[in-house]
Amino acid sequence: MVVKLQEEIEQKSFNIMISTTKLSARTVLRAVKAAFRLYQSKASQGKQSVRTLLRQNRGVSSVEISKTGIRGLERYAKKYGIDYAIRKDTSEVPPRYLVFFKAPDAEAFHSAFKEYSASLLNKDKRPSVLTRLQELVQAAAELPGKVRHKQEERGL
């Protein structure tokens, strides 16, 4: 009777171990699938390669931009959540830079480009920090100030 009871307890504990293993395997599999879906959604946002952008099969448009404006445009594209890719065309001298973006993002891209252009125009109107600093240095040099003269005391 004791042996039979012992075997029954072993069988039940073995069944519990198997069911928890199956449960944890399913849980891990679900977590991996959820992480993969999240990675795929995040990987296709913002700056990416032209190939990745073309794989999304949504149509691609392009705009030419100067090299000096790339960093500023990237900031506005990130602000508007635009998927884009930058390609350097070295067939011409100086090289051209093309910004590719998805066709559904066209309206957002034009808004970002408009805001970026406005910021460039405002940048030209603002005074240079270096010239302002030089003016302040000259003004400070012209101010009468305390001048210290160190004299040695001669002891006898």
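Does Phe-113 count as buried, partly exposed or exposed, or, put more openly, which of these classes fits Phe-113? In this predicted model, Phe-113 has a relative accessibility of 27%, and because buried would require under 20% and exposed over 50%, Phe-113 counts as partly exposed.

Let me place that residue in its surroundings, beginning with helix 4. This helix runs over residues 106-125, and at 1.5 Å a residue its 20 residues should span 28 Å, which agrees with the 29 Å that separates its end C-alpha atoms. The buried residues here are Phe-109, Ala-112 and Tyr-116, and since the buried residues of helix 4 fall within an arc of 65° when seen down the axis, they line one face of the helix. Among the elements that cover these buried residues are strand 1 (60-65), helix 3 (70-80) and strand 3 (96-102). On the face turned away from the buried side, helix 4 carries the exposed residues Glu-107, Lys-114, Leu-121 and Lys-125.

Now to the aromatic side chains, where the structure holds two aromatic pairs. In one of them, the rings of Phe-113 and Tyr-116 have centres 6.2 Å apart and planes at 50°, so this pair is tilted, given that tilted covers what is neither under 30 degrees nor over 60. Phe-113 and Tyr-116 are three residues apart in helix 4, and are therefore separated by about one helical turn. Whereas Phe-113 is partly exposed, Tyr-116 is buried, with a relative accessible area of 7%. Finally, Phe-113 and Tyr-116 belong, together with Tyr-76, to one aromatic cluster.

Conventions: Residues are numbered from 1 along each chain as its sequence is written. This is a predicted model: local features need pLDDT of at least 70, side-chain atom pairs count only at pLDDT 80 or more; totals for chains, interfaces and linings use all residues. Side-chain values use heavy atoms; hydrogens and water are left out. Helices (H or I, at least four residues) and strands (E, at least two) are DSSP runs, numbered from the N terminus. The expected span of a helix is 1.5 Å times one less than its number of residues. Buried means under 20% relative accessible area, exposed over 50%, partly exposed in between (1.4 Å probe, protein chains only). The arc is that of the directions from the helix axis to the C-beta atoms. Contact means heavy atoms within 4.5 Å. Rings of Phe, Tyr and Trp (its six-membered ring) pair if their centres lie within 6.5 Å; planes under 30 degrees apart count as stacked, over 60 as edge-to-face and the rest as tilted.
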